[in-house]
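The following exercises concern strand order, chain composition and internal space. Please work through each one before reading its solution.

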Amino acid sequence: KMTLHCGIPDCNYTNENFLYGATFSEIVVGDSVTYIGRHGFYGYDKAKIFRLGSSVSAIGVEAFGGCTGEIVVANSLPSSRVKTNGALYGSKFSRVTLLSSVATIGTNALYGCEGELVIECNIPSSTIASQSPFYGSNFSTVVLRDIESIGDYAFESCYKLNSILFAGDAPSFGSDVFNEAAMQQHLSPETYNAWKKCIETATPL
């Protein structure tokens with residue numbers, strides 16, 4: 001395990017990465033760290049889990065490119081106007097976990113991410129679908145843990161999203177939450193609407 005208490009510098013190539021040749025299975029970015037530089041962890045596939053502290057507010061281009069395992073995020077993910085500059089773009093994480101302390105999820109932050117997404121924070125609404133927090137992501141499964149609300153367009157055009165799992169009470173839904181998501185495309189309109197209504201009116205056991 002390695003715990004970092006200072007910013008991670010920019011680098012250009014995998015063999016310039018400060019972790020080149022290391023074999024740490026867990027990387028903890030401490031709460032004092034605010035910046036993870038360009039290609040900061042690029043190509044480091046030895047860690048089973050990355051933990052980002054509560055102060056990380058800027059993430060450089062492909063900082064996690066090629067990284068595998070799981071990443072646990074404790075602070076808001078920054079926005080990017082360019083899809084391929086998204087905070088986790090290029091990563092190969094099998095699971096991304098957003099803790100309850102995450103206040104905002106920036107546009108394109110999770111663009112291209114795959115695998116499982118675990119959400120413990122409320123999901124804000126977007127005014128247009130292309131600015132929704134998960135637009136362009138390729139998650140196949142989403143786990144919602146004790147969240148209260150899912151905003152408008154949250155999973156719009158998530159073409160590979162096949163499963164939504166709920167832990168705790170079902171949240172309130174905004175408009176067009178699953179519009180054009182794979183799980184909607186695979187169901188008839190009647191079945192989809194019945195499913196959505198069932199969740200929205202569910203009561204705890």
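**Exercise 1: The sheet**

Eight strands form an open sheet with parallel pairing, in the order β1-β2-β4-β6-β7-β8-β9-β11. Strands are DSSP runs of E of at least two residues, helices are runs of H or I of at least four, and both are numbered from the N terminus; two strands pair if DSSP finds at least two bridges between them.

Task: determine why β1 and β11 each have one side without a neighbour in the sheet.

Solution. β1 (2–4) and β11 (163–167) stand at the edges and have a single partner strand each, so one side of each lacks a neighbour in the sheet. Direction ignored, neighbouring strands of this sheet are turned by 15 degrees against each other on average, with axes taken as lines fitted to C-alpha atoms.

The model is predicted: local features need pLDDT of at least 70, side-chain atom pairs count only at pLDDT 80 or more, and totals for chains, interfaces and linings use all residues. Residues are numbered from 1 along each chain as its sequence is written, and side-chain values use heavy atoms, leaving out hydrogens and water.

**Exercise 2: One strand pair**

Task: state how many bridges join β8 to β9.

Solution. Strands β8 (residues 114–119) and β9 (residues 138–145) run parallel and are joined by six bridges. Val118 stands opposite Val143 in β9.

**Exercise 3: The chain**

Task: state how many helices and strands the chain has.

Solution. The chain has two helices and 12 strands. Buried residues (under 20% relative accessible area, 1.4 Å probe, protein chains only) make up 45% of its 205 residues.

Technical notes
Axes fitted to C-alpha atoms, helices over the stretch in contact; angles between N-to-C directions. Buried < 20%, exposed > 50% of the residue type's maximum accessible area, 1.4 Å probe, protein only.
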